[in-house]
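Trainee: Could we go through this structure together? I'd like to learn how each label is earned.
Mentor: Happily! Ask away.

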Amino acid sequence: MRRPLLVWAIGTVVVCLGALGAVLGLGYAPALGLDLQGGASVTYKPAHQVPQDQLDQAISIIRNRVDALGVAEPNISREGGNIIIQLPGVKDQQRAIQLVGQTAQLFFRPVMCTAPPYTAPAPGQPAPPAGPPSCSSSAAAGQVDPTLASVPSTPKGSDTSQSNVLLPEINSTTRFVLGPAILNGSIIKNASAAVPQSGGGWQVNFTLTSSGSPKFDQLAQQNYQKQVAIELDGTVQSAPTINAQSFGGQGQITGSFNESSAKNLALILRYGALPVQLNQQTVTTVSPTLGRDSLHAGLVAGLVGLGLVMLYMIAYYRALGVIVVAGLVLTAALLWAIVSYLGHSNGLALDLSGVIGIIVSIGITVDSYVVYFERLKDEIRSGKTIRSSVDRGFRSAFRTVLAADAVSFIGAAILYWLSVGAVRGFAFYLGLSTLLDVIITYSFTRPMVVMVGRSRLFTEARWLGVARGLASTAAPEPDSAPARSRARTPV
Amino acid sequence: MSQRRGGVRGLGSRLYRGETAFDFVGKRWRWFLLSAVIIIVGSISLGVKGLNFGIDFKGGTSWEVVAPHVSVDQARSAVTPLGLGDATITVLGGQTLDVEANVNSGAAAHQAQVKQSVTNELASVAHVQPSQVSINDVGPTWGHEITTKAEYALLAFFLAIAFYITLRFEWKMAVAAIVAVIHDILVTAGIYSLSGLQVTPATVVAFLTILGYSLYDTIVVFDRVQENTKGLASTGRLTYTDMVNLSMNQTLMRSINTSFVALLPILSILIIGAQFLGAKPLQEFGLALFIGLASGAYSSIFIASPLLAMMKEREGRYATIRQRLSARGEAMTLLTPAAAAAARGSGSQQGALVRAGSGGGRGDRSRQAEVDGGAVTGDGGTPHEDGAAAESADGAGRRPAPTPAVRPRPSSNRGRPSAGRSSPRPRKKGKRR
């Protein structure tokens, strides 16, 4: 009996401290939310209800833009029907927000020539000519012009429809010099990815609007047997060669597509730039100073609160209070490890409401101990030995803890699924702490209390005595003898 | 002076030892009335004044900047020329300047310009870069969205909790628990309306925490009630109300400790985080929690449990017990947790509870201890189980409860210390021995 308990207790300590050691060793730390480290956050809501794939498409377009900003750990997520963009630690917050939210367009541009990947010109070499990129006279359409290697791509936001641009192709190192835009995405009525009946790879079928059809035929005639690039947001999505002069309102794009790239191109054609009209709901910028101050305030408040709780527990429950302190330390270690790991792997950010959730959960965590210990007192009062009280007390206390924690957890889970913003972080950390509470109560508190219950040092010593205050209740001075003799009786 | 200190210490140690027997259910109308008054006053205020919603709910812009040396007046004279004459300006923790205003009208370009110039103005007043000013800009429809979501979440929360409690316990407990939670919502909303404290997302978080705490507390008491009342109908020696009272006394020390322990971190948030360090969400959060925690602890004890007792007493089997007992003039049996425990220790779980009341005082418990001790030695070290002394206890338990077993209604109890569970005389006697 003694050994399994010891295994449980030591196992828990090893797991908790091991997990903490592992994340510390790996250098993981909790990812701080932008209200704790400064940064910017924008919430967008679609102007109309839109299907899931459009929203996902909008998110991927926004993600591309954010990646271009060079923010270290951006977090772009869908919450309910909203898109939330968080840019922790971003320097120029106003510019970032402007860039992320702007409405880009889908353009059809003629391909002038192809350019090799960009390589910075070696020192001493002449700088490339300023102004709009152009192909040298030797490079005809579709051919690679090696002189463009040192010309940088057109930066995002500068790809105006009227001028020549040098843009990279998506998922490739190829770049194109493109002429001014001929058409924009509004001519496309619908597009879908499909496998042609003749078999073979994927292709994209599209239909044109009635007003767009003649315009597209015009484009086809001008660029017959030449490449036309489909540009979105500074990236060439595809550059098919026009193989007909008249399309009659519909056409196919074939090439080396796989299922996902075909579907992606179809989505882009269908929805144009941002597939949904997004309205800005909230913009929050937090200065690094204020973020640091909030973090500091939250940490100090949490630690002082935790310290006071520990002191009270030791003062009230003596030896058992030490178990509470040890349990809280283990819970904290495990929580830190989990939060650090999730912050690293899933980009879960610890924000101020999360810190508050954790501070509040101290109360719920300690309550499990209080339920158990008060139960223990009940059992001892009813004249049972400490040993049997410890087991019986745990069984009924654990039932109570499970019921009460279940209520907390259900509440937290519902809040997490159904709410937005600050409430979500709070609910997540409250739910996580509730789970950890159940685990630690079973795997650490239970064996520890049983072991302490078997030690006479803890049960009867003057200052540590768990049973002392109680034994004297059941029987004051002279009557304490039976209680003690029971405690010594072998079980 | 020693009199009073002694009284307080007396209560403390009685609580610690489980020697209280408060009649929570019997005095229920007094608590119901108190709550009704608070809720009615709050509802009137809600109807007349409503709640003071922050910008997250009604739209608007807030600027925050760390500026220890800037006063509210200085900040106001800086932003008034920019058209923010009606801005709410506060200084948090003596160092964080907070300006709130609604500039969501007019052309978008004009709005953006106003917002930018306020940012620049505040930065220059605080002698920092404009990037050091934190801005929270909330569109007018956002508040509607989060309010709707919160309402759905609340509804789903109630349904799920009601379902869980019904499944785990019974539907009457679910009703009582949810009435208590609604009570907390109404009380807190009323206090917020009366005091004009601002309602922010942090307040909503706090509010949801309150619901959690309140339910958590209630569940702990109900779990004990359910355990205590198992088989009550078949033994029939205590009414459901008695058992609810006993359960509450048994969990009273736990309720006090838990509330106190929950209060410590919240006080820490409120005093250290908000006052000294000036973090705005911490302040909003701490205040709401403080109000809610008190309301939650109160409603678990004074609303949920008495309500449960009232509903259960309407059930035929428990009504029968009550009628039978009251016909014998034994209507109200207030057991102390210690007495109940002593009884339980001596015999079978439920049947002995009545007999337990019989002693009530000290003498019975010490007698009990002797019986126990004897049983253990007599058995030559066999495990001490419930059944060890069951024979004698059950024998006693089957007798009709002797008169001292039953505690008369508290109102008629004055001057009858012999039956008192905590009257000073028996205890003194115990010490003298």
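Trainee: How many helices and strands are there in chain B?
Mentor: Chain B has 18 helices and six strands. Keep in mind that this is a predicted model.

Trainee: And how much of chain B is buried?
Mentor: Of the 433 residues in chain B, 56% are buried. As for contacts in chain B with a separation of 6 or more, 76% of them join residues 24 or more positions apart.

Trainee: What makes the pair of Tyr298(B) and Phe302(B) a tilted aromatic pair?
Mentor: Take the distance, then the angle. The ring centres are 5.2 Å apart, and rings pair if their centres lie within 6.5 Å. The planes are 40° apart; under 30 degrees would count as stacked and over 60 as edge-to-face, so the rest, this pair included, is called tilted.

Trainee: Where do Tyr298(B) and Phe302(B) lie?
Mentor: Both lie in helix 12 of chain B, residues 280-313. They are four residues apart, about one turn of the helix.

Trainee: How do you know whether Tyr298(B) and Phe302(B) are buried or exposed?
Mentor: Compare each value with the cut-off: buried means under 20% relative accessible area. Tyr298(B) has 17%, so it is buried. Phe302(B) has 15%, so it counts as buried too.

Trainee: How many aromatic pairs does a search of the whole structure find?
Mentor: It finds 26 over all chains. Ring pairs also link residues into a cluster, among them Trp8(A), Tyr312(A), Tyr369(A), Phe373(A) and Phe260(B).

Trainee: Back to helix 12 of chain B: why are helix 2 of chain B and helix 12 of chain B called oblique to each other?
Mentor: Helix 2, residues 28-48, packs against helix 12 at about 125°, with the axes 10 Å apart. Roughly perpendicular covers 65 to 115 degrees and roughly antiparallel starts over 145. An angle of about 125° fits neither, and therefore the two helices are oblique. Their crossing is left-handed.

Trainee: Which residues meet there?
Mentor: From helix 2 of chain B they include Trp29(B), Trp31(B) and Phe32(B), and from helix 12 of chain B they include Tyr298(B) and Phe302(B), our aromatic pair. By class, this contact has ten nonpolar, one polar and one charged residues.

Trainee: Now between chains. What makes helix 9 of chain A and helix 8 of chain B roughly parallel?
Mentor: Helix 9 of chain A spans residues 352-381, helix 8 of chain B spans residues 201-229, and their axes cross at roughly 15°. Angles under 35 degrees count as roughly parallel, and therefore these two helices earn that label. The axes come within 12 Å, and the crossing is right-handed. Among the residues making the contact are Val360(A), Ile364(A) and Arg375(A) on one side, with Tyr213(B), Tyr216(B) and Arg224(B) on the other. The residues of this contact divide into six nonpolar, three polar and five charged.

Trainee: And why is helix 9 of chain A called roughly antiparallel to helix 11 of chain B?
Mentor: Helix 11 of chain B covers residues 252-276, and its axis crosses that of helix 9 of chain A at roughly 160°. Over 145 degrees counts as roughly antiparallel, so the label follows. The axes come within 9 Å, and this crossing is right-handed. The contact includes Ile359(A), Val366(A) and Val370(A) from helix 9 of chain A and Met253(B), Val261(B) and Ile269(B) from helix 11 of chain B. By class, it has ten nonpolar, three polar and four charged residues.

Trainee: What is unusual about a positive phi?
Mentor: Most residues other than glycine have a negative phi. Gln225(A) has a positive phi of about 65°, and His127(B) has a positive one near 60°.

Trainee: Why is Gln225(A) called partly exposed, and His127(B) exposed?
Mentor: Exposed means over 50% relative accessible area, and partly exposed lies between that and the buried cut-off of 20%. Gln225(A) has 47%, so it counts as partly exposed. His127(B) has 72%, so it is exposed. Gln225(A) sits in the loop between helix 5 and strand 11 of chain A, and His127(B) in the loop between helix 5 and strand 5 of chain B.

How values were computed:
Residues are numbered from 1 along each chain as its sequence is written. Chains are lettered from A and ligands numbered from 1 in the order in which they are written. This is a predicted model: local features need pLDDT of at least 70, side-chain atom pairs count only at pLDDT 80 or more; totals for chains, interfaces and linings use all residues. Side-chain values use heavy atoms; hydrogens and water are left out. Axes are lines fitted to C-alpha atoms, for helices over the stretch in contact, and angles run from 0 to 180 degrees between N-to-C directions. A crossing is left-handed if the near helix is turned anticlockwise from the far one by less than a right angle, and right-handed if clockwise. Contact means heavy atoms within 4.5 Å. Ala, Val, Leu, Ile, Met, Phe, Trp, Tyr, Cys and Pro count as nonpolar, Asp, Glu, Lys and Arg as charged, and the others, Gly among them, as polar. Rings of Phe, Tyr and Trp (its six-membered ring) pair if their centres lie within 6.5 Å; planes under 30 degrees apart count as stacked, over 60 as edge-to-face and the rest as tilted. Buried means under 20% relative accessible area, exposed over 50%, partly exposed in between (1.4 Å probe, protein chains only).
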